[in-house]
Amino acid sequence: MAFDPSNGFVASSDVPGLADELLPIFDVEQVQLQFSIAADFVSAQTANNVLILALSNGRILRIDLNKPEDIDDIDLPKKPTEVGVIRRMFLDPTASHLVICTSQGENYYLHSQSRHPRPLARLRGVSIESIAWNPSLPTASTREILIGASDGNVYEGYIEHSTEFYRKEEKYLKVLHKLPDGPVTGLWVDTLPGAGTDTRRIMISTQSRLFHLVGKVGKNDGGGSIYSKLFEAEQPVVHELPRSTAATAAASDLVISPDTLQDTSRPHDGDVNERVFAWLSSHGIYHGQLLLSPFTSELGNKVFSEAQLLPRAQLMTSERVGGRRMTASNDYINAIALTHWHIISLIGDRVVAANRLTGDIVYDQVILNQGQKAIGLCVDIQKNTYWLFTSQEIFEIVPRDEDRDIWKIMLKLKKFDAALKHAHTLAQKDAVAIASGDYLLSKGQFNEAAGVYGKSSKPFEEVALAFIDHNQPDALRKYLLGKLSTFKKSYIMQRQMIASWLIEIFMAKLNSLDDTIITRAELSETLNPTQTREQLDAVRAEYQEFVNRHKSDLDRKTVYAVIGSHGREEELLYYADAINDYHFVLSYWVQRERWSEALRVLQRQTDPEVFYSYSSVLMTHVAAELVDILMRQANLEPRNLIPALLEYDRNYKGPLSQNQAIRYLLYVVNQLQSTDSAVHNTLVSIYAAHPSTSKDESALLSYLESQGDEPRFDPDFALRLCIQHHRVLSCAHIYTSMGQYLQAVQLALAHDEIDLAIIVAERAHSNPPLRKKLWLAVAKKVISQSNGIKTAIDFLRRCDLLKIEDLIPFFPDFVVIDDFKEEICSALEEYSRNIDSLRREMDESAATATNIKVDIAALDQRYAIVEPGEKCYVCSLPLLSRQFFVFPCQHAFHSDCLGKRVLEQAGPGKAKRIKECQVQISRGLVKGRKREEMIAELDGLVGEACILCSEYAIKRIDEPFVKENEDKEEWAL
């Protein structure tokens, strides 16, 4: 026997083209069994995707719906004739524990890991009507559970699985309470999150009363009851039906809603979502939320006060699809089940589903054939599946998007947060937002309404006019901010208009708050405007956040105009700073001559153009601070700052050491190592033109000397400036650096700077004639200014190039020779010594010439002896075999061998000439005397030097001793 391997049932096909909203919320589908059954179903349970079927012949089928082909076929220990037919079964939510009850009071326990039911001896004779499983949902044992019996007794039991034959399954069983109402039709136990695991809620139902208890349970000390403490210490809250109307024939049951879909894997006591209970009685279905607080007996009163009754009459007579009214054939509801949002009722042959929030019937269909009788409704509270069983058939009740209309219901109940939570589509969420906004607006909650309207599609003009009519600028601001965030980036015009409007609203609000603070201060000194100031700070912070987030949506000119019209300086500058419009900020501070603020803005800049634009005005007023900032900027082009530096220098009247233009230029020259001639020329011009340097040229000279022989400035330009401003020392230095010593000396002498002229004259030490000429010019000036011969004689001793005869032309005609007779005599004696020295040198030269002639004559008779067996030093063949060369070093070579080596080692020009001579001689291109001359030339080129001991050998010093084609082993030692 096996189910359909697909999933155990055959689902209906989707209807193409049919919208989900038009399909019924519930659909009852018959499960097609893929096996035959030998007896009718008498009971069924499902949990955790496990289906338990009890047959009238005492057999139990356990089916895992994940593997429907595998079926556990289980038999009771005794036959039905001995213990009776299976009456009821109770399965815990994990499908680990199954309690089986027979019609003769026999009760059995079956664990999910066992195929053999074990009798519950302590429960023999107890007709079980309900069980409340442990909230922690243990799987190894049931731990503490509550059992409701048909005689009104409420038991606490502990059942654990055992494989020992003589060991009882139930660990203990204790009667907690006895109700005089008759059977205990329903039990539920859960824990209250936040109150600890020892605080539990118990709900007990009978046919006429519903009990709610909250309290602490005792500790499990290894076998004792834990619920005794709760029943003894707490008094239940009771919801009771009038006894005159309570019908004992009516079915009674207590059902709880399944786990939420997102939390199906969590146990009950960890589920923080509020469950729903439903109590079936003769009056109808009494249902409500299982609230989780407070943790006292007041919780029961709160639960029952918020619960409501779905009358039996409303379910018994309902209008089916098509308009035909149906009336149930029997008087009472047979069974109920809870989904997340609906109550499913079994009424005779009909399945009726009602929305538990409104009581509206959303499904009413006849499912059973005439004569069929249902044995019950079952709910898998963990897997959210719903089942209907008859004696021979199984139906699955399939919810289809059952919360589709919940948002509408919540909307009607003014529960807008819940409506938004259950709205699935954008249109539904928009409808909730509009309705919520309208409601809040009608209640005067304008700010809350603005936040909701901002996310809705309600016409913009309607919302804006509503806030304007109610004089609510704060709400309007909040609405516009929300609306702005909903527009796409492509809606440029809309975003820009709203953003500009918000700027106007922000400015008006800030001005209003400022006026409020000022007014309060003027009216009374006792009023404290602290709250207004805090609000002002909050609005300003909101404005700044808005600008940072939406600066791309703002038009610059519009914002400047709006903020400027309100006179909001701080906000104007904040916006300009946010959009990096530093030109505006700087011009703003400069126009107001607030230099410190301008410098604070400037020092944060990195764009060189900003510095170039504002350097002139800032150098005029805050030069030192500006130069500090400029010296920290590495990306500036100093030549672009020259106009500002020159303008500053033109108006500067202080000492040169405090000139900020010079300070910056020296930084550029010395630290940045600038080679820009414009920078250097500017520095020279400032030095030369500065009035404080009329006599002291030390700073200018120091700079000129630091430039060395290759100055970066233009010497002609610098010379013109120095001449123009009478900078004699500097001019002389520039002339000297240009090599124009004569002009330098003449300039110095023209300004009677004798010492300077002497210094310049001494610098021409590499050119003695020029140096003498310069000294003569200086001597002429000195002699012309002196009154006696002594001064000229002293000057003569300062230069070793000058003689007394050089100075005689500069003396006046009336000078008596006796005054410098000694100097003339000394000069004549030196001339005599020089003549003698020259005569000796001439004699030595004549002797050297004679020796050279003798050596030349001897060369003609020089010879070399060649032995008969001597070999060529290149080819190692006998030297006398052909023409050869012999060098004074006794090295000998064949002429052709020597020619080849010379070609290899000679330079390109010499090698080319050797080849040309060889070709012309060998081919007979020259004859006669010319041929002899060419042969002599070739012999001279080839035999110029020995290739083994001349410079040829030196050039071959990098050649290895062992060549590639030689045996290296020959060199081994």
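These legends accompany four close-up views of aromatic rings and their partners in a predicted model.

**View 1. A tilted tyrosine pair joins helices α12 and α14.** Searching the whole structure turns up 21 aromatic pairs. One of them is made by Y543 and Y574, whose rings are tilted at 55° between the planes and sit 6.4 Å apart, centre to centre. Y543 belongs to helix α12 (residues 530-550) and Y574 to helix α14 (residues 569-578), so this contact ties together parts that are 31 residues apart in sequence. Take a look at the surroundings too: Y543 is buried, with a relative accessible area of 0%, while Y574 is partly exposed at 24%.

**View 2. Y560 and Y575 meet edge-to-face.** Here the planes stand at 80° and the ring centres are 5.6 Å apart; planes over 60 degrees apart count as edge-to-face, so the pair falls in that class. Helix α13 (residues 556-566) carries Y560 and helix α14 carries Y575, so the pair ties together parts 15 residues apart in sequence. Are these two tyrosines buried or exposed? Both Y560 and Y575 are buried.

**View 3. Five aromatic residues form a cluster.** Follow the ring pairs here and you will find Y453, F460, F467, Y479 and W501 linked together.

**View 4. Two charged side chains sit over tyrosine rings.** K171 lies over the face of Y158, at 4.7 Å from the ring centre. In the other example, R592 places its charged end over the ring of Y588, 3.5 Å from the centre of that ring.

Technical notes:
Residues are numbered from 1 along each chain as its sequence is written. This is a predicted model: local features need pLDDT of at least 70, side-chain atom pairs count only at pLDDT 80 or more; totals for chains, interfaces and linings use all residues. Side-chain values use heavy atoms; hydrogens and water are left out. Rings of Phe, Tyr and Trp (its six-membered ring) pair if their centres lie within 6.5 Å; planes under 30 degrees apart count as stacked, over 60 as edge-to-face and the rest as tilted. Helices (H or I, at least four residues) and strands (E, at least two) are DSSP runs, numbered from the N terminus. Buried means under 20% relative accessible area, exposed over 50%, partly exposed in between (1.4 Å probe, protein chains only). A charge sits over a ring if NZ of Lys or CZ of Arg is within 6 Å of the ring centre and within 35 degrees of the ring normal.
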